[in-house]
Structures are given as C-alpha cells and as structure tokens.
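Work through the following exercises with the sequence and the model at hand. Each task is followed by a solution in steps.

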Amino acid sequence: DVMHIYIISFLITILLIYLAKTKVKNKKIKVILLILAVIPMLLVSALRYQVGTDYTKRYVENYRMLQKGIDVEDLEIGFKAIDYVCLFFTKDAYLLFIVTSLIILSIVFEVIYKKSSNSILSVIIFFLGGYFFGTLNLVRQYIAVAFILLGYQFLMFENRKKAYSLFVLCGILAFLMHSSSIVCFAIMFLTRKNIINIKWVLPVSALILILNKNIMTILAPIIKNTRFNIYLTGKFAQGDLSIITIAENLIVYLWFSIIYYYEKRQNRKLEKEG
C-alpha cells in the first residue's frame, strides 16, 4: 500500500506552508519555504511509475512511437513538442513525467499562493478533492487546466487589451495540450457581467439528469468524426453520469450564488474578480 507516501508528502507540504504563512517573517525564508512546500508532492508525481490507466497505454506508448518516428495523430502538437524535447535527452519516458509534473504543480501552486486567501485550505481541497490524483493520470488535460488557471489571473488586469492578449496566449497553450480546452475562451465573455444565472443553471442541471444515457445518443453524431470519437466507446458511451459529481457541483454553485446575491443585497460593490 503506497497511500502513506501520498499522505506523508501532503502533510509535509501543509506543514511547510503553515510555517511560511504564520511563523516566518523574513520574506526570503518565506519564499524558500513556499518553494520547498511544492517539492514533496512534486517528487511523488514526478517519480511515479505505472500510476493510472493512461500511464503506459497512452503516454509511454505514444512516447515510444514518436521515438521510433511513428506519428501519433490524436496527440496534440503542444504535447508532442514536450515529448520531442524529452526524447532529445533520453529514450526512456521517465523524463516526460518529471517535466509534466513540474509544469502542472508549479503553476497550480503559484496560483494558490497568489490568489487564494487561504493557501492551506486550497492545497487541502487540491489533494482531498482528488485533483492531485487526477494530475497523475489525465496529464494533458491538467496541463491545459494549469495554463487556463495561469491565464485567468491576467483577465483581472485593468488594461483590457493586455488582459485578453495574455489570456489568449495561455488559452492557446492549453489548446495545444488538449484541444477540448478550447472552451476556455468563453471565460473572456464572463468578465463583464454576471450571466451565469440560477434561473437557467437549475433547469439545465435537471435536464442533464433526466436525459442521462440519452445524452450520448445526442452527442454521437456531433463527435463521431472528430478525435473525441474515443468517448463513444466504454463507460462514456453508456452515459454513466455520477449523481454525486453532479450534486457536488450543484451545491458549490448554489453556495457561490447565495454569497453573490447576499453581497448584492447588502449593496456591496464586488470587484471584477468577485
């Protein structure tokens, strides 16, 4: 059982962040501790072996194919570039997981340190919410997510031209890692006005629950001739929706909505990020 390795690395990370945030006043030492806090979880991620279904079947196999000069058509060009950079140094795929782990965790922790009002709570959510474990398998997707998180910060700039330019750059990098992340560009239209209204979120959520397995029947003609046709097989094709996942997201959304409307009724002006 290797679970104790994950738990120990997580606890060391939490301890170092706690010391940096509450016990240390020297700025240089604080920064050093915050950097060191990333290392335990980074080591677990970078040195992992045979973790997740995609580890060998997808990433190691694709790496070996590219090494032999065989093109992988359903692999985005951005991730291929990472593969080729790693192949320049070694034919073994271990370097790929070191590099991708460094990209994901360095960006995630940078965003947490910079934007979270409670870094410890954010890291707890990142770990206990299963997101860290997701990075060990869904590597391309989480690199894309990391770039979107990085770009989100730029949208808060007052200079709209600069904000959109930097966000678009991050969005393109995300798209080059996993093409499904093209949806991130919709975020640019959500910065001017609160258009995510509970009046349509609840009905849409109910519709998803009612349709359930029929959702894939609707989506099949749309995605069958794209690289996403892989989702027409296996449990995805069965429309195996998790009620817990839907309920979890709905509860989080409702909580945000309650806070938002409460602040609004108190006539408190929310900043752009709020």
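**Exercise 1.** Is E76 buried or exposed?

*Solution.* The model is a predicted one. E76 has a relative accessible area of 8%. Buried means under 20%, so E76 is buried.

**Exercise 2.** Find the residue with which E76 forms a salt bridge, and place both residues in the chain.

*Solution.* Step 1: the partner is R140, and the closest N and O atoms of the pair are 2.9 Å apart. Step 2: R140 belongs to helix α8, whereas E76 sits in the loop between α3 and α4; the pair links distant parts of the chain, 64 residues apart. Step 3: R140 is buried, at a relative accessible area of 4%.

**Exercise 3.** Determine how many salt bridges the model has, and describe the one between R58 and D74.

*Solution.* Step 1: the count comes to four salt bridges. Step 2: in one of them, the side chains of R58 and D74 meet at 3.2 Å, N to O. Step 3: R58 lies in helix α3 (residues 54-67) and D74 in the loop between α3 and α4 (77-89), so this salt bridge ties together parts that are 16 residues apart in sequence. Step 4: R58 counts as buried at 13% relative accessibility, while D74, at 34%, counts as partly exposed.

**Exercise 4.** Give the N to O distance of the salt bridge between K80 and D71, and the accessibility of each residue.

*Solution.* The distance is 2.7 Å, N to O. K80 is buried, with a relative accessible area of 13%; D71 counts as partly exposed at 45%.

**Exercise 5.** Describe helix α2: its span, its kink, its start and its buried residues.

*Solution.* Step 1: α2 covers residues 27-46, and its 20 residues reach 28 Å from first C-alpha to last, close to the expected 28 Å. Step 2: a kink of about 30 degrees is centred on P40. Step 3: at the start of α2, a side-chain oxygen of N26 comes to within 3.0 Å of the backbone nitrogen of K28. Step 4: the buried residues of α2 include L33, L34, A37, V38 and P40. Step 5: among the elements that cover the buried residues are α1 (3-23) and α5 (94-115).

**Exercise 6.** Which residues does L150 touch, not counting residues up to four places away in sequence?

*Solution.* Step 1: L150 lies in helix α8 (residues 139-154). Step 2: L150 touches I107, E110, V111 and C170. Step 3: the relative accessible area of L150 is 22%, which means that L150 is partly exposed.

Conventions: Residues are numbered from 1 along each chain as its sequence is written. This is a predicted model: local features need pLDDT of at least 70, side-chain atom pairs count only at pLDDT 80 or more; totals for chains, interfaces and linings use all residues. Side-chain values use heavy atoms; hydrogens and water are left out. Helices (H or I, at least four residues) and strands (E, at least two) are DSSP runs, numbered from the N terminus. The expected span of a helix is 1.5 Å times one less than its number of residues. The bend at a residue is the angle between axes fitted to the seven residues ending there and the seven starting there. Buried means under 20% relative accessible area, exposed over 50%, partly exposed in between (1.4 Å probe, protein chains only). Contact means heavy atoms within 4.5 Å. A polar contact is a pair of N or O atoms within 3.5 Å; within protein, one must be able to donate a hydrogen and the other to accept it, and residues adjacent in sequence count only if both atoms are side-chain atoms.
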